[in-house]
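Reader: I should like to learn how a fold is read from a model. Might we go through one together?

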Amino acid sequence: AIDEKAKSLLETVLKPRLVIDQPHKEYNFVTDVMTRWRGSSLYFISIYCVGSRGDVLGDTFEAPFARMLYKAGELFGRSYMRHTGRWEEIYPGLSVEECLESIRDDPFFVG
């Protein structure tokens with residue numbers, strides 16, 4: 001059930017918001033957004049294409065921007081990826097619906 005709700009958020013909100021149809025190809029740009037489970041955490045990940053400034057045009061890399069960490073019962077902790085490369089949990093106990101709403105609405109979770 002969590003996967004279906006996350007997929008709906010990806011398709012209806014995150015992809016239209018983050019994936020650029022006509023990017024400035026000299027800069028890195030988002031080509032896709034996906035989720036991936038790792039242990040008890042669900043990660044939201046932006047897929048970037050490397051811009052043409054480098055010698056590696058067409059290469060891609062992943063940048064996780066939000067994490068739902070299972071806590072207990074039906075509660076998850078919500079974290080965002082800081083510029084330092086470390087996760088920062090700002091919502092320690094939310095329902096699945098509240099977590100997905102925070103990813104949709106909170107500026108901390110922009111991919």
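**Reading the fold**

Author: The accessible surface of the protein comes to about 6,800 Å², and carbon and sulfur atoms account for 50% of it. Please bear in mind that this is a predicted model.

Reader: How many helices and strands does the protein have, and what pattern do they follow along the sequence?

Author: There are two helices and five strands. Read along the sequence, they give the pattern α-β-β-β-β-β-α.

Reader: In what order do the strands lie in the sheet?

Author: A sheet is read strand by strand across its pairings. Here the five strands form an open sheet in the order S1-S2-S3-S4-S5, with antiparallel pairing. Strand S1 (29–38) and strand S5 (87–94) stand at the edges; each has a single partner strand, so one side of each is left without a neighbour in the sheet. On average, neighbouring strands are turned by 20 degrees against each other, direction ignored.

Reader: Over how many bridges do S3 and S4 pair?

Author: Strand S3 (residues 60–72) and strand S4 (residues 75–81) pair over six bridges in the antiparallel sense. Leu 69 stands opposite Gly 77 in S4.

Reader: Which strands does each helix lie across?

Author: Helix H1 (residues 2–18) lies across S1, strand S2 (41–49), S3 and S4, and runs at about 165 degrees to S1. Helix H2 (residues 96–105) lies across S2, S3, S4 and S5, at about 150 degrees to S3.

Reader: What share of the residues is buried?

Author: Buried means under 20% relative accessible area. By that cut-off, buried residues make up 35% of the 111 residues in the protein.

Terms used:
Residues are numbered from 1 along each chain as its sequence is written. This is a predicted model: local features need pLDDT of at least 70, side-chain atom pairs count only at pLDDT 80 or more; totals for chains, interfaces and linings use all residues. Side-chain values use heavy atoms; hydrogens and water are left out. Two strands pair if DSSP finds at least two bridges between them. Helices (H or I, at least four residues) and strands (E, at least two) are DSSP runs, numbered from the N terminus. Axes are lines fitted to C-alpha atoms, for helices over the stretch in contact, and angles run from 0 to 180 degrees between N-to-C directions. Contact means heavy atoms within 4.5 Å. Buried means under 20% relative accessible area, exposed over 50%, partly exposed in between (1.4 Å probe, protein chains only). Accessible areas come from the Shrake-Rupley method with a 1.4 Å probe; for residues, only the protein chains shown count as cover.
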